[in-house]
Amino acid sequence: MPLDRFGRQINYLRVSVIDHCNLRCVYCMPLHGVRLTRPQELLSPQEIEQVVRAAASLGFTKVRLTGGEPTLRPDLEEIVQRIASIRRIRDLSMTTNGILLPRLAAKLRDAGLKRVNIHLDALHPGRLQRVMRFGTVEEIWAGIEAADRAGLRPIKLNVVVTRGYNDDDIVDLARLTLTRDWHVRFIELMPLGGGEEARIAVSHFLSSGETLQRIENGLGALEPVPSLHPSDEAVYYRLRGARGLIGVISPVSRPYCGTCNRMRLTADGKLHLCLLHDDELDLRKLLRHGATVLELAEVIKLGVRRKPTGHALKEGVAPEERSMYQIGG
Ligand code: SAM
Ligand code: SF4
């Protein structure tokens, strides 16, 4: 497994397959003026496979598909199949807003997808529309149920906590874990990409500490649950008698750089070394100049060695080059 210069074992590649999205969450994607990658600039399924093969040859074992909205890629099944065929990749998952899962969940499972994280910011219809802007609770809920039926488990729900938008939904979302064996994870807002979305992230921030407090005030004491995996970014709790888990992900108030095990591949083929830094290596250029898997692996190794650590989100300093929908979270 490749080690970076801080001794971190890097074995997880997040692959963004598209930067387009069918929603426009207020903290992620603007309503107007989005500059999307042109189709010919997106990596093809075959190119994505080559990069993942190269990463796997170095010891990467986990891949997560993301976006933008990954389910908008018409060739997503082929991408999943190609990655699933790589023997060393033991864990293949996807982060999605779930809207297209009713027609895709079973097909993606058959292609080799193991599990999904579904993004649901609110249960109240009006608040969901305000924060995610398009789409409805019913549509996302249908996606969650389709994933559950298809066995894409454990189902994890991602809630980006945005004060004044969906903080009144925290308790209701946490309550879901009483009857469902889902992991409901509350994520602290990060300001990325400059612009209005980053400003919203700063002015509407609500810490994980406050999220947990609100859950305890509404639903009773939370028992800590030992970490599921050392590099899991979420810290987990359980409500008394609950079937599911409540998680908090706290990149701002409790940075977890020290246990980070991830690298990212952007939809336009850049190896993005850290979510919170702008450093990238251009793999698409190499691919399109006929690089072999071995040559790609050498460049990924270099990327691992150059992977940065630390950030200054707490001080309000964040990278401005790319927004969340262009990196994939
Ligand atoms: N469209 C899919 C979705 O929303 O799940 C996948 C891409 S989205 C960029 C990946 C994850 O990033 C989302 O689940 C959301 O929880 C998270 N996210 C987006 N913008 C964020 C922000 N500014 N701060 C924290 N998390 C964010
Ligand atoms: Fe789309 Fe996901 Fe960004 Fe929301 S967070 S706008 S669903 S890419």
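User: Which residues form the negative surface patch?
Analyst: Keep in mind that this is a predicted model. Asp and Glu count as negative here, so look for those two residue types on the surface. The patch is formed by Asp278, Asp279, Glu320 and Glu321.

User: Is Glu320 buried or exposed?
Analyst: Let's place Glu320 in the chain: the loop between helix 10 and helix 11 holds it. A residue needs over 50% relative accessible area to count as exposed. Glu320 has 59%, so it's exposed.

User: What kind of pair do the rings of Trp141 and Trp182 make?
Analyst: By the ring rule, there's 1 aromatic pair. The centres of Trp141 and Trp182 sit 5.4 Å apart, with the planes at 65 degrees. Planes over 60 degrees apart count as edge-to-face, so that pair is edge-to-face.

User: How many residues apart in sequence are the parts that this Trp141 and Trp182 pair ties together?
Analyst: Trp141 belongs to helix 5, while Trp182 is in the loop between helix 6 and strand 6. So the pair ties together parts whose separation in sequence is 41 residues.

User: How far apart are the closest N and O atoms of Arg180 and Glu145?
Analyst: A salt bridge needs the nitrogen within 4 Å of the carboxyl oxygen. Arg180 and Glu145 do form one, and their closest N and O atoms are 3.9 Å apart.

User: Is Arg322, the salt-bridge partner of Glu280, buried or partly exposed?
Analyst: The side chains of Glu280 and Arg322 meet at 2.5 Å, N to O. Glu280 has 28% relative accessibility, so it's partly exposed. Under 20% means buried, and Arg322 has 13%, so Arg322 is buried.

Conventions:
Residues are numbered from 1 along each chain as its sequence is written. Chains are lettered from A and ligands numbered from 1 in the order in which they are written. This is a predicted model: local features need pLDDT of at least 70, side-chain atom pairs count only at pLDDT 80 or more; totals for chains, interfaces and linings use all residues. Side-chain values use heavy atoms; hydrogens and water are left out. Patches are made of residues with over 30% relative accessible area and no salt bridge: like charges are joined within 9 Å, nonpolar side chains (Val, Leu, Ile, Met, Phe, Trp, Tyr) within 5 Å. Accessible areas come from the Shrake-Rupley method with a 1.4 Å probe; for residues, only the protein chains shown count as cover. The place of a charge is taken as NZ of Lys, CZ of Arg, CG of Asp or CD of Glu. Helices (H or I, at least four residues) and strands (E, at least two) are DSSP runs, numbered from the N terminus. Buried means under 20% relative accessible area, exposed over 50%, partly exposed in between (1.4 Å probe, protein chains only). Rings of Phe, Tyr and Trp (its six-membered ring) pair if their centres lie within 6.5 Å; planes under 30 degrees apart count as stacked, over 60 as edge-to-face and the rest as tilted.
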